[in-house]
Amino acid sequence: MDAAQQEATARARELQRNWYGEPLGALFRKLIDDLGLNQARLAGVLGLSAPMLSQLMSGQRAKIGNPAVVQRVQLLQELAAQVADGSVSAAEATERMDEIKRSQGGSVLNNTTQTTSSSGAPTVKRVVREIQSLLRSVAAAGDIIDAADTLAPTHPELAEFLRVYGAGRTSDAVTHYQSHQN
């Protein structure tokens, strides 16, 4: 790889870090490891071609152009966290990955997965995911953190909200939400 290619790759990875919180190569490798996948299976679940996944991982491409794919990445990250904490078994994870693969993406607000509790009210996790989706649709995690840092001296509550919901993990945001309901 010549110097120009190395510079372009470094720039693409920096853009990925800004847009997605980390370079996609690292993010996808975590998903592969955490969910027991190979690259071909990950590409299939995401709805990408294997060459496109490879280009994103290597930094030859910076951005995931399809919002549905970005949403599937987010869903896989949440699933990987659930597998890691033991709340989802390997068998359930396989079923959920098949559901994620079939999902049309788009707005989380229109997703057809369970959105309400038995009482008919939206689940806490659903509300949190909707807030996260909204924030992440307008800014990358790094930008949200920068905005939170700027707001912290004058609006500490808003800064905390942005950090937790805009750049944090779903499980942490659910805990935060529940702790502030008491």
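These legends go with close-up views of a predicted model.

**View 1. The largest nonpolar core, with Phe28 as a good place to start.** Phe28, Leu42, Leu46 and Leu76 touch the most other members of this 26-residue core. Helices α2 (24-35), α3 (39-46), α4 (50-58), α5 and α6 each supply at least two of its residues. Setting aside neighbours within four places in sequence, Phe28 is in contact with Leu42, Leu46, Leu53, Leu56, Met57, Ile64 and Val73. Elsewhere, a second, separate core of ten residues includes Leu135, Ile144, Ala148 and Ala159.

**View 2. Helix α7 and what covers it.** The 15 residues of helix α7 (residues 124-138) should span 21 Å at 1.5 Å a residue, and the 22 Å between its end C-alpha atoms agrees with that. Within α7, Arg126, Val128, Arg129, Gln132 and Leu135 are buried. Their cover includes α5 (67-84), α6 (90-102), α8 (141-151), α9 (156-166) and α10 (170-179).

**View 3. A salt bridge along helix α1.** Here Glu14 pairs with Arg17, their closest N and O atoms lying 3.4 Å apart. The two are three residues apart in helix α1 (residues 3-20), so about one helical turn separates them. Glu14 is partly exposed, at 33% relative accessibility, and Arg17 is partly exposed at 39%.

**View 4. Two salt bridges between helices.** Arg41 forms a salt bridge with Asp98, with 3.3 Å between the closest N and O atoms. This pair links distant parts of the chain, 57 residues apart: Arg41 sits in helix α3 and Asp98 in helix α6. Asp149 and Arg163 also meet in a salt bridge, at 2.8 Å from N to O. Because Asp149 lies in helix α8 and Arg163 in helix α9, their pairing ties together parts 14 residues apart in sequence.

How values were computed:
Residues are numbered from 1 along each chain as its sequence is written. This is a predicted model: local features need pLDDT of at least 70, side-chain atom pairs count only at pLDDT 80 or more; totals for chains, interfaces and linings use all residues. Side-chain values use heavy atoms; hydrogens and water are left out. Helices (H or I, at least four residues) and strands (E, at least two) are DSSP runs, numbered from the N terminus. The expected span of a helix is 1.5 Å times one less than its number of residues. Buried means under 20% relative accessible area, exposed over 50%, partly exposed in between (1.4 Å probe, protein chains only). Contact means heavy atoms within 4.5 Å. A nonpolar core is a set of buried Ala, Val, Leu, Ile, Met, Phe, Trp, Tyr and Cys residues joined through side-chain atoms within 4.5 Å. A salt bridge is a side-chain nitrogen of Lys or Arg within 4 Å of a carboxyl oxygen of Asp or Glu.
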